[in-house]
Amino acid sequence: MIATEPMINVTIEKSLVDKLLDKDTITKRDIQALHMFNDDYIDKLLAAGQMTARSKVAEALTREGIEQVK
């Protein structure tokens with residue numbers, strides 16, 4: 001049997017990936033949907049600016065993808 005991720009998480013991540021690729025504004029809610037960061041850290045990321053927030057979220061998604069492949 002093949003284990004699959006719940007569909008909602010895949011949809012949320014793809015939506016966020018599209019925002020990252022298009023350099024759209026990402027919101028606290030977008031980042032919270034990943035369940036990777038706590039609220040205080042998310043606030044600090046967004047306070048540092050969109051470029052920093054996008055960079056850290058992309059890094060986390062990449063790291064998560066690498067871990068799933070292992």
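These legends describe close-up views of a predicted model.

**View 1. The largest nonpolar core**. Twelve residues is the count given by the full list: Leu16, Leu20, Ile26, Ile31, Leu34, Phe37, Ile42, Leu45, Ala53, Val57, Ala60 and Leu61 form this core, 12 residues in all. At least two core residues come from each of helix 1 (7–22), helix 3 (39–48) and helix 4 (50–69). Helix 4 provides the largest share, four residues.

**View 2. Ala53 and its contacts**. Ala53 belongs to the largest nonpolar core. Neighbours within four places in sequence are left aside here. Beyond them, Ala53 touches Ile26, Leu45 and Leu46. Of these partners, Ile26 and Leu45 are also listed in the core.

**View 3. Packing of helix 3 and helix 4**. The two helix axes lie 5 Å apart, at an angle of about 130 degrees. Helix 3 is therefore oblique to helix 4. On the helix 3 side, Tyr41, Leu45, Leu46 and Ala48 make the contact. Helix 4 contributes Gln50, Thr52, Ala53 and Lys56. By class, the contact holds five nonpolar, two polar and one charged residues.

**View 4. The two ends of helix 3**. Asn38 caps the N-terminal end of helix 3. A side-chain oxygen of Asn38 sits 3.1 Å from the backbone nitrogen of Asp40. Gly49 follows helix 3. The phi of Gly49 is positive, near 120 degrees.

**View 5. Asp30 in helix 2**. Helix 2 covers residues 28–32 and includes Asp30. Asp30 has 17% relative accessibility, so this residue counts as buried, the cut-off being under 20%. The side chains of Asp30 and Lys19 are joined by a polar contact of 2.7 Å. With neighbours within four places in sequence left aside, Asp30 is in contact with Leu16, Lys19 and Thr25. One of these, Leu16, is part of the largest nonpolar core.

**View 6. Lys23 between helix 1 and helix 2**. Lys23 lies in the loop that links these two helices. With a relative accessible area of 63%, Lys23 is exposed, because the cut-off is over 50%. Lys23 and Arg54 are 31 residues apart along the chain. Their C-alpha atoms are separated by 8.0 Å.

Technical notes
Residues numbered from 1 in each chain as written. Predicted model: local features only at pLDDT ≥ 70, side-chain atom pairs only at ≥ 80, totals over all residues. Heavy atoms only, no water. Buried < 20%, exposed > 50% of the residue type's maximum accessible area, 1.4 Å probe, protein only. Polar contact = N/O pair within 3.5 Å; in protein donor to acceptor, adjacent residues only side chain to side chain. Contact = heavy atoms within 4.5 Å. Core = buried A, V, L, I, M, F, W, Y, C linked by side-chain atoms within 4.5 Å. Axes fitted to C-alpha atoms, helices over the stretch in contact; angles between N-to-C directions. Parallel < 35°, antiparallel > 145°, perpendicular 65-115°, else oblique. Nonpolar A, V, L, I, M, F, W, Y, C, P; charged D, E, K, R; others polar.
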